[in-house]
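Visitor: I have a new structure open. How do I start reading it?
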Amino acid sequence: MPSDKETLLGMGFDPARVEWAIKATAGRGLQPAMDHILENEGNPVPDLSSVSSAASSAPPAQPMDEDDQDDLEALSSLGVKGAAAAAAAAATDVEAKSIKCSQCGKIFKNTALANYHAEKSGHDQFEESTEEIKPLTEEEKQQKLEELKEKMAAKRAAKAVEDAKEAKANELIRRKAGKDINQLREEIQAREARKEAEAMKREKAEEARAKAAVKAQIEADKKARAEKAAMEKALREGRAPPGASTPVNVPKPAAAASASTAGRDFKDTRLQIRMSTGGLPLTTTLSSDASLQEVAEYIAGQDHNVNVETVTLAQHFPRKTFTRQEFSKSLRDLGLTPSAVLIATP
């Protein structure tokens, strides 16, 4: 078969452009070379020494359709005969001038074209034919060339449309994926914001409950101190304590002292301990027989910054600071029953 260069020259292309196309496409085939010529039809031919081969980066050549191959071969030199046809001509008196497909009736001028047709169509029955494929005239060659150009242009246009559709579909997929990711991100952010809001709400509610509890404890301590003061005053004056259901006679001084002692005889003592350094107060209930040293140990157990040996305890009402010697006395003996508020200083 003629070479790609011979075929292109036989089709009437400029030799310089043929050389440029073959070098630019690194000899990858007839169709890439023709595509290069058609695509650069309006461009000047450069210096071939500066033209680099595109073999390493260009995609592999796509096989031409059977009709395109036939058209190109029809435009090439038609003087070459296939080996099978030559052998058949030597073996018989009738010269075989072509090869015919028995299944479709198509005629080929050599075995190469017949083999190509067999690969494309799957036909496998061929016979020699005496029908001669006449060479094309210059006008026919030009017409074939124009038809081939139009066919190739139509294929490129159809491929461009398909590429545009595929690009549009890919863009839609990309946008949808981006939209889904943004929506997921917004949902995560909204969920995190709700969690933070709920946590702040719970924290405020707990803080409000703690403040209410402290306030209630302070009010209870105030009431307990007022009741204690009123009771002690009534006992000193020989009157019945406030709220007593039965009147009592004014006792003698000794009896008054005994009643005062009985009034202090409470089994348990409720304490509220406030730290001079600030913070929430500590509340506890101890036995009235517990010593002030046990109170100091309790405070040290709740606050690691408190040292049992150096902590001082004081009372606002009546104002008093307890000495270290008084730490061994009971809450009852110190007059802290039934309840008292102490100030602890580490």
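Guide: Start with burial. A residue is called buried when its relative accessible area is under 20%. This model is predicted. Of the 346 residues in the protein chain, 28% are buried.

Visitor: How many helices and strands does the protein chain have?
Guide: There are nine helices and eight strands.

Visitor: What do the contacts tell me?
Guide: Look at how far apart the partners sit in sequence. Take contacts between residues at least 6 apart. In this chain, 65% of them join residues at least 24 apart.

Visitor: And the surface?
Guide: The chain exposes about 22100 Å². Carbon and sulfur atoms supply 53% of that area.

Visitor: How should I read a helix?
Guide: An α-helix has 3.6 residues a turn, so residues three or four places apart point the same way. Now turn to helix H3, residues 30–39. H3 is mostly covered, with eight of its 10 residues buried.

Visitor: Which residues of H3 are buried?
Guide: They are Leu30, Pro32, Ala33, Met34, Asp35, His36, Ile37 and Leu38.

Visitor: What comes before H3?
Guide: A loop links helix H2 (15–24) to H3, and Ala26 lies in it. Check its backbone angle.

Visitor: What should I look for there?
Guide: Most residues other than glycine have a negative phi, and most peptide bonds are trans. Ala26 has a positive phi, near 55°. Ala26 is also partly exposed, at a relative accessible area of 32%.

Visitor: Where is there a cis peptide bond?
Guide: Between Thr337 and Pro338, where omega is about -5°. Pro338 sits in the loop between strand E7 (320–321) and strand E8 (339–345).

Visitor: Now the strands. How do I read a hairpin?
Guide: Find the two strands, then the turn. Strand E4 (residues 268–275) pairs with strand E5 (residues 282–287) in the antiparallel sense, over six bridges. One such bridge takes Thr269 to Leu286 in E5. Six residues lie between the two strands of this hairpin. In the turn, Gly278 has a positive phi of about 100°.

Visitor: In what order do the strands of the open sheet run?
Guide: The order is E2-E1-E3, three strands with antiparallel pairing. Strand E2 (107–108) and strand E3 (126–129) stand at the edges. Each has a single partner strand, so one side of each is left without a neighbour in the sheet.

Visitor: How many bridges join E1 and E3?
Guide: Four, between E3 and strand E1 (residues 98–101). To find one of them, start at Ser98: its bridge partner in E3 is Ser129.

Key. Residues numbered from 1 in each chain as written. Predicted model: local features only at pLDDT ≥ 70, side-chain atom pairs only at ≥ 80, totals over all residues. Heavy atoms only, no water. Buried < 20%, exposed > 50% of the residue type's maximum accessible area, 1.4 Å probe, protein only. Contact = heavy atoms within 4.5 Å. Areas by Shrake-Rupley, 256 points an atom, 1.4 Å probe, with all protein chains shown as cover. Pairing = 2+ DSSP bridges.
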